[in-house]
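Grab your viewer and work through these exercises with the structure open. Each one has a task, followed by a solution in steps.

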Amino acid sequence: MKTLNIINALLLAGTLSAGAQNNTDSLYRESYRPQYHFSPQKGWIGDPCGFMYYQGKYHMYWWGKVESSDLVHYQEITPYAMTGADANIGYFTGSAVIDKKNTAGFGKDAYIAAYTVFEKDSKKQAQGISFSHDGKTFHYYEGNPVIDIWSTEFRDPTVFWYEPTQKWVMVVAKALEKKIKFYTSPDLKNWTWTSDFGPAGDSEKSWECPDLFQLPVDGNPDVKRWVMVVSVNWAQEQYFIGDFDGTSFKLVENHPTEPLYVDKGLDFYASRTFRDFDHTLASTVSMGWVATWDYVQFVPSEYGKGFWSVPRTLELKTYKEGLRLIQQPVEQLKTLRYQPIAVNRFLSPGVQNIPGFAPGENVYELDASFSTDVSNVFGFNLCVGDGRKVVVSYDTDSHNLVIDRTHCAAVSIPKFSRMAYTRVEPIDNKIRLHIFVDKSSVEIFANDGKEVFTLLTYPGESQTGIEVFAQRKGTKMTLNAWMLKSIWK
């Protein structure tokens with residue numbers, strides 16, 4: 001999602017209600033405002049940009065800025081961090097680094113943002129930088145662009161320091177060619193092309209928003225692989241596992257030719273990992289944009305549009321089919337839990353309410369485990385009310401997990417009535433579904449995060465019911481559930 005499109009769409013949509021602007025009591029309580037996902041005070045939010053951990057804080061940009069000490073609560077610093085470009089320039093998606101060695105000459109420990117410079121008249125996309133001494137206000141570099149190949153489809157750089165070669169690395173998308181280009185630089189200003197990767201996997205329409213990072217394999221910090229995440233077709237993300245030598249990325253042996261998708265849902269895009277400039281984080285964490293361009297301009301939220309996912313820790317784990325990316329909600333989210341309930345029982349045929357758990361709003365967490373040794377179809381109905389619901393169902397025979405939101409939204413949204421599904425193999429004759437429900441979204445982490453689904457929902461205010469169902473008897477359910485506190489109170 002690009003900044004210029006955001007601004008234009010906001011002007012057209014006029015989404016911010018007068019009540020939300022003028023009544024401080026309603027701020028962060030607007031219709032469909034997420035209660036534990038980050039969204040800006042008002043307006044749109046773009047792709048995650050410049051995610052870093054520095055001086056004990058998480059710094060996040062969408063070329064506005066927000067900070068967090070715990071990845072649960074957020075302090076919005078400014079909606080406009082970028083200054084200095086002329087009126088013909090738009091700031092597109094990018095990343096940010098701390099220049100600890102003053103390689104660029106803007107000062108030791110300067111914040112440097114790298115992003116796509118969009119020329120509004122020519123539509124050209126090139127790469128540029130801005131610098132900051134406080135991380136809040138960035139100044140446009142007069143020597144921009146720093147990379148220019150005279151293309152209208154060249155965007156979304158991720159920049160990081162590669163210690164073995166003592167150089168900066170940039171990965172940036174040649175979107176319609178479905179390629180990722182690699183550049184290196186000693187100073188963030190002068191760049192040398194070193195290689196291309198792609199097309200591969202899902203190469204149907206476009207590639208953009210690349211990220212490249214290392215993860216341990218099976219929890220062993222001494223064995224690591226590189227993971228490249230690429231947003232594809234303006235709708236999903238795929239990932240590749242390989243090795244990186246500072247100049248080029250090569251796939252691991254026997255890497256599957258079919259796409260490996262980061263999220264099997266309908267609304268997860270442009271994710272970024274946090275770069276650890278304190279060298280103190282124990283894990284790699286990412287967040288993504290919860291939206292899709294097919295309908296983001298038409299959703300009914302009042303504060304603005306778009307928000308970011310819950311933060312997720314990333315790992316690589318070996319399965320019989322090979323290495324796969326694992327995503328888990330960060331542990332810190334547990335601090336939001338209250339009013340716990342626990343249920344341990346065999347499911348009866350039909351549809352039942354969950355004893356002792358009847359939320360008054362869609363702000364809660366479910367962690368359920370189901371036995372799969374008996375042939376059955378079972379699951380949850382979420383956001384139930386007024387004849388609408390989200391259906392989460394699992395078939396023990398086909399091993400298909402299906403999420404159906406075709407009859408969920410309380411308003412008409414073009415192209416919104418869709419389903420998502422994937423095959424989920426039981427582990428030790430069980431399937432685990434860890435579900436986060438917020439005002440306008442559902443995130444499902446299946447089997448400890450091997451398969452993840454993120455979906456927007458937009459139910460009505462009275463659609464807060466939860467039901468569990470089964471076609472036949474014999475399935476055992478172990479469930480823990482919690483209401484979740486609002487991070488804005």
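**Exercise 1. Val296 and its surroundings**

Task: Find which residues Val296 touches, leaving out those up to four places away in sequence, and decide whether Val296 is buried or exposed.

Solution. Start with the contacts: in this predicted model, Val296 touches Trp44, Trp289, Ala291 and Lys305, once residues up to four places away are set aside. Next, place Val296 on the chain: look in the loop between strand 22 and strand 23 (304–305). Then check the accessibility. Val296 has a relative accessible area of 2%, and the cut-off for buried is under 20%, so Val296 is buried. Finally, try a long-range pair: Val296 and Pro414 sit 118 residues apart in sequence, yet their C-alpha atoms are 9.5 Å apart in space.

**Exercise 2. Another residue from that loop**

Task: Locate Ser301, classify it as buried or exposed, and work out how far its C-alpha is from that of Trp150.

Solution. Ser301 also belongs to the loop between strand 22 and strand 23. Its relative accessibility is 4%, so Ser301 counts as buried. Now for the distance: Ser301 and Trp150 are 151 residues apart along the chain, and 38 Å separates their C-alpha atoms.

**Exercise 3. Leu266 and His407**

Task: Compile the contacts of Leu266 and of His407, then say for each residue whether it is buried or exposed.

Solution. Take Leu266 to begin with. You'll find it in the loop between strand 19 (249–251) and strand 20 (269–273). Skipping residues up to four places away in sequence, Leu266 touches Ala235, Thr292, Tyr295, Arg405, Arg418, Met419, Ala420, Thr454 and Leu455. One of these, Ala235, is 31 residues away along the chain, with a C-alpha separation of 7.4 Å. At 14% relative accessibility, Leu266 is buried.

Now His407, which sits in the loop between strand 31 and strand 32 (419–423). Beyond its neighbours within four places in sequence, His407 is in contact with Arg388 and Lys389. Its relative accessibility is 58%, so His407 counts as exposed. For a distance check, His407 and Glu315 are 92 residues apart along the chain, and their C-alpha atoms are separated by 34 Å.

**Exercise 4. Backbone oddities**

Task: Which peptide bonds join Asn144 to Pro145 and Gly198 to Pro199, cis or trans? And what are the phi values of Tyr28 and His399?

Solution. Begin with the background: most residues other than glycine have a negative phi, and most peptide bonds are trans. Then read omega. Between Asn144 and Pro145 it is about -5°, a cis bond. Between Gly198 and Pro199 it is about 0°, also cis. Pro145 lies in the loop between strand 10 (138–140) and strand 11 (147–151), while Pro199 lies in the loop between strand 15 (192–197) and strand 16.

On to phi. Tyr28 has a positive phi, near 70°, without being a glycine. It's in the loop between helix 2 (18–22) and strand 1 (43–44), and its relative accessible area of 15% makes it buried. His399, again not a glycine, has a positive phi of about 65°. His399 is in the loop between strand 30 (388–395) and strand 31 (400–404), and at 16% relative accessibility it counts as buried.

**Exercise 5. The largest pocket**

Task: Describe the volume, the lining and the residue classes of the largest pocket.

Solution. The volume is about 990 Å³. The lining takes in 32 residues, and Gln214, Phe274, Arg275, Asp276 and His279 lie nearest the centre of the pocket. By class, 17 lining residues are nonpolar, 7 polar and 8 charged. Strands supplying at least two lining residues each include strand 7 (89–99), strand 12 (154–162) and strand 17 (220–232). Strand 16 contributes the most, with 4 residues.

**Exercise 6. Cores and confidence**

Task: Which members of the largest nonpolar core touch the most other members, and where does pLDDT stay under 50?

Solution. The largest core has 49 residues, and Leu366, Phe370, Phe380 and Leu382 touch the most other members. A second, separate core has 37 residues, among them Tyr111, Ala113, Phe138 and Val172. As for confidence, the average pLDDT is 94, and 95% of the residues score at least 70. The stretch under 50 is residues 3–22, where the model has 32 contacts beyond four places in sequence.

Conventions:
Residues are numbered from 1 along each chain as its sequence is written. This is a predicted model: local features need pLDDT of at least 70, side-chain atom pairs count only at pLDDT 80 or more; totals for chains, interfaces and linings use all residues. Side-chain values use heavy atoms; hydrogens and water are left out. A nonpolar core is a set of buried Ala, Val, Leu, Ile, Met, Phe, Trp, Tyr and Cys residues joined through side-chain atoms within 4.5 Å. Buried means under 20% relative accessible area, exposed over 50%, partly exposed in between (1.4 Å probe, protein chains only). pLDDT is the predictor's confidence in each residue, from 0 to 100. Contact means heavy atoms within 4.5 Å. On a 1 Å grid over the protein atoms alone, a cavity is a set of points where a 1.4 Å probe fits but cannot get out, and a pocket is an open set with protein on both sides within 12 Å along at least five of seven lines; lining residues have an atom within 4 Å of a point. Grid points are joined across faces, edges and corners, and a volume is the space filled by probe spheres set on the points. Ala, Val, Leu, Ile, Met, Phe, Trp, Tyr, Cys and Pro count as nonpolar, Asp, Glu, Lys and Arg as charged, and the others, Gly among them, as polar.
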